[in-house]
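Ready for a few exercises? Try each task yourself, then read through the steps.

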Amino acid sequence: MTDIAKATDVFMNKIDAQVAAHLDACVRCGQCSEACHFYQVTGDPKYTPVYKLKPLETVYQRYKAPLSGIKRMLGLAPPELTASDLEDWAELVYDACTLCGLCTVVCPMGIDIASMVRKVREGFSAAGLVPEGLTGAAQRAIEIGSPLGIKPQTLEKIIAEQAEEVGIPIELNKVGVDYLVILSAMEVLNFYEVIGALARLFKKAGVTWTISTDAYEATNVGIQMGNLEIAGTLVGRIVDAAEKLKVKYVISPECGHAYSALKWEGPNLLGRDYDFEVIHILELMDKLRREGRITFKGKDDRKLTYHDPCQIVRRGGIVREPRDLLGQVASNFVEMKDCGVYNICCGGGGGVSANPRAEDLRLKAFAVKKAQVDDLGGVDALVTSCANCRNVLEEGIEHYGMDLPVIGLSELLADYLDDEGDAASAT
Amino acid sequence: MTFLELTEGPLWYAAATIFVVGVVWQIVGIVLLGRKPDRSVPRGSALAGAVKANVLHLWPHGGFFNKTGFHLVAGYIFHIGLFVLVLFAAPHIVFIQDHITGFGWGALPRWGFVLAAEAAFCGLILLWARRIGDPVIRLLSTQDDLAGLWLTFIVMLTGCLALGESIEFLRALHMLTVDIWLIYFPFSRLMHGFTFVFSRGYMGATFGRRGVTP
Ligand code: SF4
Ligand code: SF4
């Protein structure tokens, strides 16, 4: 049963000065629809970004806006939210928003719709309206340690295989190293070569590192579903493991939402500072490159382009690093139109790809990304730095019958790493 | 007391008071809702981000210029036309001098006035047509949005009627609509004229810390 009272309570709590300023400043111009891939492919006005916030806006205008008391008295406030309002909105909130934030770019008022959709999800989560795909992932993340149900034993096996493949030992749970590597479930399941790639890159750079079997999962389904308790538990696991292992840095992997969860949300979820620094893998690679600790030989001469994961670039601020790194290993790199901060989402972020109910809409929305790639007049491969984007891109590419390999940036770097003369022995 | 004396006298002072108190109440009310301190380690400056976002969002960026041209043109010609009219039409300057500032400034020549009025009307009608005709904006629009548009239109229309200044009733009618508009303002989405700075600023501050301004 939809718990409308709980949802209303959460909305009331979530409305701060920023939310209020956004909701008050919206001039209902509808320009945000021009940014949203879900509107672009369907032409259905209900997918207009700001419309997705209506439940939150109703509560704001009715109860929390300054002067709302007078409006209620005069009968000018919007009517109470109902359970069926929320049920009707669940699709818009969970299936039709990847939290990509492109709508903020086009909005003349600079309204951060994605952050507010996240807050709306918190109300929906309290009301019991989280889609099954996400609740299942959350249960697996809490009980097993991974939203895809990857057990520590499976991870250990995969790591051992990768260590053997690249001929570099990888020590688990090692106390006192500099860096803790965490991974996204999609990397462990589908793109595990990244583990071997990191081992080679770190060996060359003389970086000491480990992986914890207590906290190896970087993604945070709690944030995607809007359950901050689960989100806090998942971040807390990483923080506990990192502090137990006394590392100086935790490396956020090639995963957009994982970066947001750990770097930007985590300290707020836990209400305390970390004893370590969070560094994104792209930032670390770029730092090692600049310090001359990793060098490359040869270049990939295929025509390559780069898909910017929204949470890493537009909402994470890492724009330059992947380009500088690509410059080291790609001789025929081309940028998509409106790349970087303005890039178009893969269509599956924000938990959309974990929600089977949203699959048809997601594949439709991929047409916008496809058009952006097609605009280049054909490329040989697409590079990205988010395993979830990579998986979603691959599914879209297959769905549209395209012939376009997708490559992880770390793996590409490892392919062209100059292994000669290791900087230090790896740990 | 004549109709004009009423609308330019007690009613004007009441409307202006409600406007000022209402706007301040709204803004203070919004700001006092506060924001939780952000504990994440910043990569950039929140203040710089707030300023940058305010400037950046004055104009379409990120490849949206072509897609938002209608709003850009209609929005700007309406707002610029309106501000020029409000601040530089000769009767307005006299009114502002007598009732608010105690000093005046140079007025627009008549051709400038006509141009500004045409721009304001043209922009407002374009925005209005879009609000009624575009399915997205129709879905988003509330009674409040339409009331704001109507009121602004009526204020401008009565302003034109009062242009000759020879018929006192028309001038009083214009003042009456201005008074109603001022009273309505703080309760409505017309508040965007003030809240836009905060909306852009908070967003810019959030992302400025992250080293990016979307
Ligand atoms: S673009 Fe911004 S101001 Fe316009 S409707 Fe969308 S959220 Fe509101
Ligand atoms: S954040 Fe992205 S997906 Fe969500 S409404 Fe905005 S443009 Fe659409």
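Before we start, one term: a residue counts as buried when its relative accessible area is under 20%, and as exposed when it is over 50%. By that rule B:Phe95, with a relative accessible area of 12%, is buried. Keep in mind that you're looking at a predicted model.

**Exercise 1.** Work out which kind of aromatic pair B:Trp12 and B:Phe95 form.

Solution. Start with the distance: the two ring centres are 4.9 Å apart, and rings pair if their centres lie within 6.5 Å. Now the angle: the planes of B:Trp12 and B:Phe95 are 85° apart, and over 60 degrees counts as edge-to-face. So the pair is edge-to-face. Next, look at where the rings sit. B:Trp12 belongs to helix α2 (residues 10-32) of chain B and B:Phe95 to helix α5 (residues 90-101) of chain B, so this pair ties together parts that are 83 residues apart in sequence. Last, check burial: B:Trp12 has 9% relative accessibility, so it counts as buried, and B:Phe95 is buried at 12%.

**Exercise 2.** Do the same for B:Trp128 and B:Phe153: what kind of pair is this?

Solution. Here the ring centres are 5.1 Å apart and the planes stand at 65°, so this pair is edge-to-face. It links distant parts of the chain, 25 residues apart: B:Trp128 is in helix α6 (residues 110-133) of chain B, and B:Phe153 is in helix α8 (residues 143-161) of chain B. Both B:Trp128 and B:Phe153 are buried. For context, the structure holds 20 aromatic pairs over all chains. Ring pairs also build a cluster out of B:Phe19, B:Trp181, B:Phe185 and B:Phe194.

**Exercise 3.** Find which ring A:Arg390 lies over, and which one B:Arg130 lies over.

Solution. Take A:Arg390 to begin with: it lies over the face of A:Phe191, 3.9 Å from the ring centre. Then go to chain B, where B:Arg130 lies over the face of B:Phe70, at 4.7 Å from the ring centre.

**Exercise 4.** In the chain A sheet with the order β6-β5-β7-β8, identify the edge strands.

Solution. This is an open sheet of 4 strands with parallel pairing. β6 (330-333) and β8 (406-408) of chain A each have a single partner strand, so they stand at the edges with one side left without a neighbour in the sheet. From one strand to the next, the twist averages 50°. Helix α19 (residues 387-399) of chain A packs on this sheet and touches β5, β7 and β8 of chain A, with its direction at about 170° to that of β8(A). As for the strands themselves, β5 (residues 300-307) and β7 (residues 381-384) of chain A run parallel and share 4 bridges. A:His307 stands opposite A:Thr384 in β7(A).

**Exercise 5.** Now the other chain A sheet, β2-β1-β3-β4: which strands stand at the edges?

Solution. Again, the sheet is open, with 4 strands and parallel pairing. β2 (209-211) and β4 (277-280) of chain A have a single partner each, so one side of each lacks a neighbour in the sheet. The average twist from one strand to the next is 30°. Helix α16 (residues 281-290) of chain A packs on this sheet, touching β1 (179-181), β3 and β4 of chain A, and makes about 80° with the direction of β4(A).

Definitions and conventions
Residues numbered from 1 in each chain as written. Chains lettered and ligands numbered in written order. Predicted model: local features only at pLDDT ≥ 70, side-chain atom pairs only at ≥ 80, totals over all residues. Heavy atoms only, no water. Phe/Tyr/Trp six-rings, centres within 6.5 Å; stacked < 30°, edge-to-face > 60°. Helix = DSSP H or I, 4+ residues; strand = E, 2+ residues; numbered from the N terminus. Buried < 20%, exposed > 50% of the residue type's maximum accessible area, 1.4 Å probe, protein only. Lys NZ or Arg CZ within 6 Å of the ring centre and 35° of its normal. Pairing = 2+ DSSP bridges. Axes fitted to C-alpha atoms, helices over the stretch in contact; angles between N-to-C directions. Contact = heavy atoms within 4.5 Å.
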